[in-house]
Amino acid sequence: MKSTQTVVTSANSPLTIPLNARGGPTALGATPAGSGNYTVTFAIAPVQEGLTLNPFAITNMTTATAAESIEFGPVSALIVTLHSGTSVTIDLSQSDV
């Protein structure tokens, strides 16, 4: 199992976080700081092949203002956008399957 933490600020937003599309289930947690407002979407297109990412909404992480978490199947990337506030911390844990 691979776990990572990424902090998204106004300096690096929107941020694309590549994931192992061949990996198994992925757990995602997002925690805003400074009265933050953020959106997290996911993509299925292979990032390394230079294709345009077609993002899909994660409903409870669309213009969210509170900490949220979900588990989902394999995806190729997450796109995190900080709309307001100081930052949003993204915690990821992905199976090595």
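# Notebook: a predicted all-strand chain

**Core.** I went for the interior first, and the largest nonpolar core holds 18 residues, with Leu28, Val40, Leu78, Val88 and Ile90 making the most contacts inside it. I then asked which elements feed this core: strand 3, strand 4, strand 7 and strand 8 (87–94) each give two or more residues. I keep in mind that this is a predicted model. In soluble globular proteins, nonpolar side chains tend to be buried together.

**Val88.** I picked one of the core residues with the most contacts and listed its surroundings. Leaving out residues up to four places away in sequence, Val88 touches Thr6, Val7, Val8, Ala30, Thr31, Pro32, Tyr38, Val80 and Leu82.

**Whole chain.** I stepped back to count elements and found 0 helices and 8 strands. Read from the N terminus, the order is β-β-β-β-β-β-β-β. The radius of gyration is 13 Å, close to the 13 Å that the globule rule gives for 97 residues, so the chain is as compact as a globular protein of that length. I also noted the span of the C-alpha trace along its principal axes, about 35 × 25 × 20 Å.

**Burial and contacts overall.** Of the 97 residues in the chain, 37% are buried. The chain exposes about 5200 Å², and carbon and sulfur atoms supply 55% of that area. How far apart in sequence are the contacting residues? I looked at contacts between residues at least 6 apart, and 81% of these join residues at least 24 apart.

**Sheet.** I traced an open sheet of 4 strands, in the order 2-7-4-5, with antiparallel pairing. Which strands stand at the edges? They are strand 2 and strand 5, each with a single partner strand, so one side of each has no neighbour in the sheet. Strands of a sheet pair through backbone hydrogen bonds, either parallel or antiparallel. Here I checked strand 4 against strand 7 (residues 77–84): 7 bridges join them, and they run antiparallel. As one entry point into that pairing, I noted that Thr39 has Thr81 in strand 7 as its bridge partner.

**Asn37.** My next stop was Asn37, which sits in strand 4. Is Asn37 buried or exposed? Its relative accessibility is 19%, and the cut-off for buried is under 20%, so Asn37 counts as buried. Beyond its neighbours within four places in sequence, Asn37 contacts Thr63, Ala64, Thr65, Thr81, Leu82, His83 and Ser84.

**Ala77.** I moved on to Ala77 in strand 7. Ala77 counts as buried because its relative accessibility is 0%. I listed its contacts outside the four places on either side in sequence: Thr16, Ile17, Pro18, Leu19, Thr41, Phe42, Ala43, Val47 and Leu53. I also took one C-alpha to C-alpha distance here: Ala77 and Ala45 are 8.1 Å apart in space, with their positions 32 residues apart in sequence.

**Aromatics.** I counted 2 aromatic pairs. Phe42 and Phe72 make a stacked one, at 6.2 Å centre to centre with 25° between the planes. This pair links distant parts of the chain, since Phe42 belongs to strand 4 (residues 37–43) and Phe72 to strand 6 (residues 68–72), 30 residues apart. Phe72 has a relative accessible area of 15%, so I logged Phe72 as buried. With Phe56 added, Phe42 and Phe72 form one aromatic cluster.

**Backbone oddities.** I closed with the backbone angles. Where is the cis peptide bond? It runs from Ser13 to Pro14, with omega near -5°. Pro14 is in the loop between strand 1 (2–9) and strand 2 (15–18).

I then looked at positive phi values outside glycine. Ser35 has phi near 55°, and Ser35 lies in the loop between strand 3 (26–33) and strand 4. With a relative accessible area of 72%, Ser35 is exposed. Thr63 has phi near 50°, in the loop between strand 5 (56–57) and strand 6. Thr63 is partly exposed, at a relative accessible area of 47%. I met Thr63 earlier in these notes, among the contacts of Asn37.

How values were computed. Residues numbered from 1 in each chain as written. Predicted model: local features only at pLDDT ≥ 70, side-chain atom pairs only at ≥ 80, totals over all residues. Heavy atoms only, no water. Phe/Tyr/Trp six-rings, centres within 6.5 Å; stacked < 30°, edge-to-face > 60°. Buried < 20%, exposed > 50% of the residue type's maximum accessible area, 1.4 Å probe, protein only. Contact = heavy atoms within 4.5 Å. Pairing = 2+ DSSP bridges. Core = buried A, V, L, I, M, F, W, Y, C linked by side-chain atoms within 4.5 Å. Rg over C-alpha atoms; globule rule 2.2 N^0.38 Å. Areas by Shrake-Rupley, 256 points an atom, 1.4 Å probe, with all protein chains shown as cover.
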